[in-house]
Amino acid sequence: MFVDSHCHLDFPELTERQDEILALMAQNAVSLALCVSVKLETFPRVLALAEAHPHLYASVGVHPDNQECEEPDVDRLLALAAHPRVVAIGETGLDYYWHKDRPEWQRVRFRTHIQAAHACNKPLIIHTRDSADDTLRLMREEKASVPGGVMHCFTETREVAEAALDMGFYISFSGIVTFKNAKALKEVARYVPLDRMLIETDSPYLAPVPHRGKQNEPGFVKHVAEHIAELRGVPVETIARQTTDNFMTLFDIV
Ligand SMILES: [Zn+2]
Ligand SMILES: [Zn+2]
């Protein structure tokens, strides 16, 4: 049994194929998936998925790339996070790849999410791109280690992984780890302790080999598990079992 710890099934390109996508999940033994919110405007669609399907869960948050959208405050996040199917705050974080001017509003928004996670004691889903130093700095300043969480779609260095692990965070690997040129990331996937590792698709993006370049979906998460198993010289069942246990522990799912 596999778990996709991060996907965007509410995105229209996936919604229109929903039956097919859920069928492939079942066929590939992907038993659970976390549907991750990127905007308050579309959060109702994320929640609707988790309400309609017992094996789908939801998070609430506003992605750091989304500028023209409703700005969350702590109270608003808490009100939405109170729903029993909402198991995490995010995705949040910093992204200086798409916002090269390193805007202050991203850091303000990130702090808001960390404060909400403290208040409701739900874990954080953190996105970081070209912004590792500031991401780690804000995590430290706002004591993100208390609610804890996951560094999702991890593409940073081993040093960044170590710093996040030191704060009690989990590291989640996506299809990027299966790409031939992702040599440094494969090293990180060999290094991260198995009891602190998650796997994800981040679908509809970043389909793993052998589906690279196509639309991604949760059923493909098994290819991420298979690749990490190969890198670490362990049976795929080990990766499946451990990443599933980690998911249940982190998001407090029984
Ligand atoms: Zn992300
Ligand atoms: Zn995402």
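Helices and strands here are DSSP runs, helices of at least four residues and strands of at least two, numbered from the N terminus. The exercises below concern a predicted model.

**Exercise 1. Describe the largest pocket and find which element gives the largest share of its lining.**

Solution.
- Step 1: take the volume. The largest pocket holds about 510 Å³ of space.
- Step 2: look at the lining. It consists of 21 residues, and those nearest the pocket centre are His 63, Asp 65, His 127, Arg 129 and Asp 202.
- Step 3: assign the lining to elements. Strand E4 (86–95) and strand E5 (124–129) are the elements that each give two or more residues. The largest share is that of E5, with three residues.
- Step 4: sort the lining by residue class. Seven of the residues are nonpolar, eight are polar and six are charged.

**Exercise 2. Locate the residues that the UniProt record annotates as "binding site", and state how they relate to the largest pocket.**

Solution.
- Step 1: list the set. In the unreviewed UniProt entry, the annotation covers His 6, His 8, Glu 91 and Asp 202.
- Step 2: compare sequence with space. The set is spread over 197 residues of sequence, yet it clusters in space, with a largest C-alpha distance of 11.0 Å.
- Step 3: check the set against the pocket. His 8, Glu 91 and Asp 202 belong to the lining of the largest pocket.
- Step 4: examine His 6. This residue is in strand E1 (residues 2–7). Buried means under 20% relative accessible area, so His 6, at 0%, counts as buried.
- Step 5: list its contacts. Beyond its neighbours within four places in sequence, His 6 is in contact with residues including Glu 91 and Asp 202, as well as Leu 34, Val 36, His 152 and Ser 203.

**Exercise 3. Which residues of helix H4 (residues 74–81) are buried, and why do they line one face of the helix?**

Solution.
- Step 1: pick out the buried residues. They are Leu 77, Leu 80 and Ala 81.
- Step 2: look down the axis of H4. The buried residues fall within an arc of 100°, so they line one face of the helix.
- Step 3: turn to the face away from the buried side. It carries the exposed residues Asp 75 and Ala 79.
- Step 4: find the cover. The buried residues of H4 are covered by elements including helix H3 (43–52), strand E3 (56–60), E4 and helix H5 (104–120).

**Exercise 4. Is Ile 114 buried or exposed, and which residues does it touch?**

Solution.
- Step 1: place the residue. Ile 114 is part of helix H5.
- Step 2: read its accessibility. The value is 0%, so Ile 114 counts as buried.
- Step 3: list its contacts. Residues up to four places away in sequence left out, Ile 114 touches Leu 124, Leu 138, Met 139, Glu 142 and Ala 144.
- Step 4: take one of these pairs. Ile 114 and Met 139 are 25 residues apart along the chain, and their C-alpha atoms are separated by 7.8 Å.

**Exercise 5. Describe the cis peptide bonds at Pro 204 and Pro 210, and the positive phi values of Asp 130 and Lys 143.**

Solution.
- Step 1: take the bonds. Ser 203 and Pro 204 are joined by a cis peptide bond with omega about 20°. The bond from Val 209 to Pro 210 is cis, with omega near 10°.
- Step 2: place the prolines. Pro 204 lies in the loop between strand E8 (197–199) and helix H9 (221–232), and Pro 210 is found in the loop between E8 and H9.
- Step 3: take Asp 130. Its phi is near 55°, and it lies in the loop between E5 and helix H6 (132–141). At 45% relative accessibility, Asp 130 is partly exposed.
- Step 4: take Lys 143. Its phi is about 55°, and it lies in the loop between H6 and strand E6 (149–151). Lys 143 is exposed, with a relative accessible area of 52%.

Key
Residues numbered from 1 in each chain as written. Chains lettered and ligands numbered in written order. Predicted model: local features only at pLDDT ≥ 70, side-chain atom pairs only at ≥ 80, totals over all residues. Heavy atoms only, no water. 1 Å grid on protein atoms, 1.4 Å probe; cavity = no way out; pocket = protein on both sides within 12 Å on 5 of 7 lines; lining within 4 Å. Points joined across faces, edges and corners; volume = space filled by probe spheres on them. Nonpolar A, V, L, I, M, F, W, Y, C, P; charged D, E, K, R; others polar. Buried < 20%, exposed > 50% of the residue type's maximum accessible area, 1.4 Å probe, protein only. Arc of directions from axis to C-beta. Contact = heavy atoms within 4.5 Å. UniProt positions renumbered as here; feature names shortened; annotations may be inferred.
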